[in-house]
Amino acid sequence: MKSLVIVESPTKAKTIKKYLPKGYVVDSSNGHIRDLPASAKEVPANMKKEKWASLGINTENGYEPLYVVSTQKKKIVKKLKDLIKEADELILATDEDREGEGISWHLREVLKPKVPVKRMVFHEITEDAIKKALTEFREIDMNLVDAQETRRIIDRLAGYTISPLLWKKIAPGLSAGRVQSVAVKLIVDRERERMRFRSGTYCDLKAVLFPESKNSQFEAEMSALNGKRLASGKDFDENTGKLKKPDAVELLSFGQAEMLKNQLLENGVWRVLQVETKVQKRSPAPPFTTSTLQQEANRKFGFSAGDTMRVAQALYEQGFITYMRTDSTFLSNQAITAARKGVESLYGPEYLSEKERRYTTKSKAAQEAHEAIRPAGNQFQTPNDTGLSGRELKLYDLIWKRTVATQMAEARIAFTNVLIEGIVTPGKTSARQNIADKTTDEGLIETHFKASGKRILFPGYFRAYVEGSDDPEAQLEDQDKPLPALKEQDTLGCKKLEAVTHETKPPARFTEATLIKFLEKEGVGRPSTYASIIGTIQDRKYAKKDGSALVPTFTAFAVTELLETHFPDVVDTHFTSEMENQLDEIAHGTYDRLSYIKSYFEGEKGLKENVEKQESQIDPAKARRINLPLEGLDGIELFVGRFGPYVQMKKGEEVVSASIPESMEPSDLTADKIKELIEISEEGPDILGRHPETGENIYMLTGRYGPYVQLGEVTESNKKPKRGSLLKGMTTEDVDLPMALKLLSLPRTLGNHPETGLEVKAGVGRFGPFILHDGKFKSLGKDDNVLDVKLDRALEVLAQQKTGGRGGGRGSASVLKELGPHPKTGDAINILDGRYGPYIKFGKKNISLPKDTDAQSFSMEQAVELIKQKTK
């Protein structure tokens with residue numbers, strides 16, 4: 001008997017094949033083999049005239065989706081159909097979640113097998129798991145298929161209905177999405193909070209004290225003055241920067257803090273008032289779910305959610321970890337036993353928890369994958385034994401440590417808090433430094449200081465895993481900060497005392513980790529979708545990264561304002577969360593999918609009628625206007641336009657406009673900066689001088705990409721005058737006529753290459769300074785100055801080993817996988833990690849890999865086929 005097993009990726013096919021008996025043929029579908037049409041050209045000719053054709057969903061007949069097999073997938077479908085002809089049964093072994101169930105259903109519908117069809121599921125690719133799965137076949141779960149298909153339909157209806165409205169009213173290329181728009185609003189709302197925020201200032205004292213009988217010292221911070229608590233950050237109103245309850249706390253100015261410091265240094269008497277020690281136990285965190293893995297990998301390694309999921313997918317498909325899309329924290333008996341064995345052998349029996357530690361899933365949204373993310377198998381491979389490297393090793397190590405830690409003993413920590421008194425008696429205060437309003441009725445100055453210490457009594461699971469730390473052993477040393485032995489009434493000496501000024505901080509921006517945590521907490525979206533959502537937000541220019549923080553753009557503000565005003569449900573977290581709950585009910589077979597779609601899209605409150613009703617009421621000029629919470633903007637308006645954000649101010653009968661440089665974020669704007677931009681625009685460009693050869697004026701201008709110099713004016717005969725952007729780090733004050741001439745000379749010819757005879761040039765592009773020769777770019781180093789670099793240095797740069805960067809070497813790209821020589825031409829085929837994702841380097845051609853393709857599992861056969869398609 002011959003069985004055909006179909007999975008969704010070549011790597012998974014390769015791994016599963018090792019554990020199947022003879023008579024089993026394994027192949028892959030490379031993800032979904034069909035989907036809703038991506039563009040009008042994919043709509044079949046006989047359907048193009050239908051009103052709903054561009055939507056890809058038949059809204060007139062039960063919201064029946066129109067599925068098409070793309071050109072790229074037709075060859076895969078043909079190959080699979082040919083394989084079925086030789087098989088006695090078809091086994092569909094795609095992933096066990098909704099998406100995987102959907103892929104299996106599509107395969108059955110398209111391939112139309114005449115042999116028996118079986119559904120095979122497993123949550124890890126190990127020999128035991130595969131053998132067990134071969135004895136537990138089931139039918140395709142149509143409830144899961146319905147849930148996956150309904151989500152796809154709802155997301156298409158939302159995107160294709162609202163997005164065109166955004167194109168008309170704000171700018172082309174914008175998009176809205178059921179979960180995406182909520183996420184953008186969250187980022188915008190946090191930025192609004194930051195912009196409304198007003199900082200408050202408070203001061204206190206920081207002391208370095210020591211017991212008079214011991215040779216040790218410790219730090220303490222002032223907490224009260226004459227029985228009144230000192231003000232701290234929590235006492236300030238975020239919108240005013242002033243104290244919420246001024247009479248409840250003592251607010252010191254820096255001058256007053258300095259006077260107190262001097263009084264205490266000269267005449268202070270210090271003693272211990274109270275010592276309190278408490279021993280606390282800390283338990284390990286549950287094993288990873290999809291969202292907690294994404295959060296921790298972002299915190300520890302800076303991985304984006306997309307990076308984490310791509311690496312985790314590769315680990316799963318190679319058989320190193322269990323299935324990586326799960327909301328469950330449950331660990332199987334097999335996993336608990338393996339973890340406990342690992343703890344005992346690596347750390348000793350004293351580090352093993354007394355009882356098996358089991359976790360239950362708290363999330364009401366937990367989906368169908370039944371176990372947490374953990375190392376695969378009944379014996380966990382230690383990270384060093386896997387043979388993994390790079391990102392795969394980092395992520396496996398993280399998963400291994402977190403899982404092993406779940407079966408380790410609790411950590412025991414002693415926390416010590418000490419209250420200290422510093423007193424200046426009346427007879428010892430000097431008139432010069434006395435602070436009349438800061439003394440008691442008796443003329444006493446009484447201050448309280450607090451000190452805290454921490455001592456790890458038993459590290460327990462800290463030996464293996466500490467959240468947010470790469471090195472648990474080093475973290476143990478950092479955490480152990482004991483105080484010297486102190487008891488009440490001990491007298492202390494003061495070695496150092498300083499006045500410290502503090503400013504309250506605005507709410508932190510969202511990072512990928514904190515945004516995912518918030519979305520999951522609110523029940524918006526599902527962990528398996530977060531990576532694509534965050535990627536889309538950045539791809540659509542709604543947010544960009546500042547370090548790890550997500551910063552909203554002007555466009556994000558405009559789109560969010562329009563949706564808040566006209567389609568509040570679209571950006572409402574509760575509404576979106578409730579939709580997710582109903583999708584879960586569809587997956588469990590307790591909610592009708594058609595009723596769900598109709599209630600969302602049809603009727604008086606449905607999306608379709610709402611959009612049609614609101615479209616005529618939305619004034620594009622008002623929709624493009626941004627209302628930032630800034631003071632002092634009387635008569636000034638902000639807009640987003642086709643060419644970026646700009647400001648506008650009416651002066652008499654004239655309206656003055658000025659572009660906002662692309663480097664400037666909404667949070668960077670103040671009334672003064674906006675007025676400065678308008679003044680520059682109104683006054684016209686600065687003339688730096690005349691070009692010595694052409695006699696034309698050279699201007700200093702500011703555009704959407706920042707300041708630049710321009711030779712001559714824009715005229716009918718000279719629509720694109722020569723321009724030169726300022727180099728990184730330059731300001732307009734740095735640019736005089738000689739510097740402007742240098743900038744306008746770029747790209748400049750350095751000479752001819754001694755081997756080729758072709759020109760070698762130096763210039764500046766999107767990715768920074770470069771050397772250009774024979775159509776190839778090489779990045780200049782940090783220490784090179786593009787304005788001064790000579791030919792000999794340029795030749796050195798060109799001679800350096802090629803890194804295969806995009807565009808023939810502009811920037812650098814690391815090799816992810818060497819596939820070897822092309823079977824026909826003999827040219828090397830490599831997969832590189834480029835600025836925009838992995839791509840194939842084949843001769844002079846750079847070919848992007850299909851979206852969500854795993855580079856490590858991409859085969860020579862797939863590469864040859866992709867090259868063939870792209871070079872026709």
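Start with the whole chain on screen: of its 872 residues, 49% count as buried, where buried means under 20% relative accessible area, exposed over 50% and partly exposed in between, using a 1.4 Å probe and protein chains only. This is a predicted model, in which local features need pLDDT of at least 70 and side-chain atom pairs count only at pLDDT 80 or more, while totals for chains, interfaces and linings use all residues. Residues are numbered from 1 along each chain as its sequence is written, and side-chain values use heavy atoms, with hydrogens and water left out.

**The whole chain**

Zoom out and the C-alpha trace spans about 105 × 85 × 70 Å along its principal axes. Switch to cartoon and you have 24 helices and 31 strands; these are DSSP runs numbered from the N terminus, with helices being H or I of at least four residues and strands being E of at least two. Turn on a surface and about 43,400 Å² is exposed, with carbon and sulfur atoms supplying 48% of it; the areas come from the Shrake-Rupley method with a 1.4 Å probe, and for residues only the protein chains shown count as cover.

**First stop: two helices**

Select 98-111 and 142-169. These are helices α3 and α5, which pack at an angle of about 100° with their axes 8 Å apart. The two are therefore roughly perpendicular to each other, a label for angles of 65 to 115 degrees (under 35 is roughly parallel, over 145 roughly antiparallel, the rest oblique). Axes here are lines fitted to C-alpha atoms, for helices over the stretch in contact, and angles run from 0 to 180 degrees between N-to-C directions.

Now show side chains at the contact (heavy atoms within 4.5 Å). On the α3 side, pick out Trp105 and Arg108, among others; on the α5 side, the residues include Met142, Leu144 and Arg151. The contact residues divide into five nonpolar, two polar and six charged.

**Second stop: Leu563**

Select Leu563, which sits in helix α15 (residues 554-566). Is Leu563 buried or exposed? It is buried, with a relative accessible area of 1%. Leaving aside residues up to four places away in sequence, Leu563 touches Ile162, Ser181, Pro568, Val570 and Val571. Add Ala176 to the selection: Ala176 and Leu563 are 387 residues apart along the chain, yet their C-alpha atoms are separated by 9.1 Å.

**Third stop: strands around β7 and β13**

Select 201-211. This is strand β7, mostly covered, with eight of its 11 residues buried. Strands pair if DSSP finds at least two bridges between them. Which strand is joined to β7 by 11 bridges? That is β13, running antiparallel to β7; look for Phe210, whose bridge partner in β13 is Gly493.

Next add 218-225, strand β8, which is antiparallel to β7 and joined to it by four bridges. A hairpin of six residues links β7 to β8, and Leu209 has Phe218 as its bridge partner in β8.

Go on to β10 (residues 269-282). 13 bridges join β10 to the antiparallel strand β11 (residues 411-424), with Thr277 partnered by Thr416. Two bridges also join β10 to β13 (residues 491-503), again antiparallel, and there Arg271 partners Thr491.

**Last stop: a four-stranded sheet**

Finish on an open sheet with the order β24-β25-β26-β27 and antiparallel pairing. Its edge strands are β24 (748-752) and β27 (776-779), each pairing on one side only. From one strand to the next, the twist averages 30°. Four bridges join β26 (residues 768-773) to β27, and Phe770 stands opposite Ser779 in β27.

Key. Nonpolar A, V, L, I, M, F, W, Y, C, P; charged D, E, K, R; others polar.
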